[in-house]
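Colleague: I would like a close look at a single part of this model, explained for someone new to structures. Please start with one residue and work outwards.

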Amino acid sequence: MLSPGLSVSLLAVSCALWPASAVRAASCESVRIPLCRSMPWNMTKMPNHLHHSTQDNAVLAIEQFEGLLGTGCSPDLLFFLCAMYAPICTIDFQHEPIKPCKAVCERAKNGCEPVMKRYNHSWPDSLACSELPLYDRGVCISPEAIVKAEGPDPYYQDPVRCNPESSPDFPMDSNNLHCRGPNGDRCKCKNIKMNMKTYLKNNYNYVIRARVREVRNRGLEPTAVVDVKEVFKSSLVNIPKETQTLYYSSSCLCPPLAPGEDFVIMGYENEETSRLLLIDSSFAQRWMDKMGRKIKKWERTLRKPQSRH
């Protein structure tokens, strides 16, 4: 029996290594969902956590997330979806498929719900994080817990995060930071050139001027701690002029921030958790007085009543 919160390598042992009788007893079947074939398990069991009785039904349901996956809003989204739609099948848990950990769901939701809201969608109730087990209080799976039988897989190790302190002189519009992301490839932050058109298109929830205290690149939730000096815009969350934590959704820490510097930061908010988020399309640039004047002008334009012809 697995102990609560166990991050054992047994979970990732290929079902192909099991005796045929054991596989039949567990009612496992090969994962046939294309999006989930890259996961560190190749056997699943139906019905899944969303009550789909067959993988054919699950395929139709998970495909609705392809557009969201394409935004790169969270490195945990695909793992979470596959753990829900094509749950890992083990001989130790024949009756109830193992669920993803609550923290995995929350990371995926915090990164992607702001993107969904921009298109008038909300995080589905069927994927509610509150229904999932905590890592230290129940059996669940997460990317950082799974280790393959033949050794660690680079994707599932604690990812190497881009640390602005290691290269403090890079320009803020840099499109290629010199470190590796969770897939082993170079981290690439979007090259966003801020102007009125981009500002309107990205529809940021918050815009602040802040002094960066530190960038925390260890643990499961990379964050930046900043001292807010000026609030140009806040939509869903009250932002006092004090120390705030910004939550990254990318292991590459995009957009990059350098400790000890003042930045103008534009990002999104999670109203439910009162978190200030930094996702791939967020913007950060070292503070310049002219940027403050531009933002105020853009905001006045946004608030100005449109003339009717």
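In which strand does Asn 270 lie?

Modeller: Asn 270 is part of strand 8. The model is predicted, so local features need pLDDT of at least 70, side-chain atom pairs count only at pLDDT 80 or more, and totals for chains, interfaces and linings use all residues. Residues are numbered from 1 along each chain as its sequence is written, and side-chain values use heavy atoms, with hydrogens and water left out.

Strand 8 runs over 262-270. Strands are DSSP runs of E with at least two residues, helices are runs of H or I with at least four, and both are numbered from the N terminus. The chain has 7 helices and 10 strands.

Asn 270 counts as buried because its relative accessibility is 2%; buried means under 20% relative accessible area, exposed over 50%, and partly exposed in between (1.4 Å probe, protein chains only). Across the 309 residues of the chain, 50% count as buried.

The contacts of Asn 270 come next (heavy atoms within 4.5 Å). Setting aside neighbours within four places in sequence, Asn 270 touches Asn 110, Glu 113, Val 237, Arg 275 and Leu 277. For the chain, of the contacts between residues at least 6 apart in sequence, 66% join residues at least 24 apart.

Strand 8 also leads to the largest nonpolar core (buried Ala, Val, Leu, Ile, Met, Phe, Trp, Tyr and Cys residues joined through side-chain atoms within 4.5 Å). This core has 53 residues, and those with the most contacts inside it are Trp 41, Phe 80, Tyr 85, Trp 123, Leu 127, Tyr 204 and Met 266. Strand 8 supplies at least two residues of this core, as do helix 2 (55-62), helix 4 (77-85), helix 5 (102-118), strand 4 (140-141) and helix 7 (289-303). Helix 4 gives the largest share, 8 residues. At least three residues come from each of domain 1 (29-131) and domain 2 (196-303), with bounds taken from an automatic or database domain assignment.

Tyr 204 shows how one core residue is surrounded. Apart from neighbours within four places in sequence, Tyr 204 is in contact with Met 266, Gly 267 and Tyr 268, among others. The list also includes Ile 192, Met 194, Lys 233 and Phe 283.

A second, separate core has 20 residues, including Val 228, Val 237, Ile 265 and Ala 284. Val 237 is also one of the residues in contact with Asn 270.
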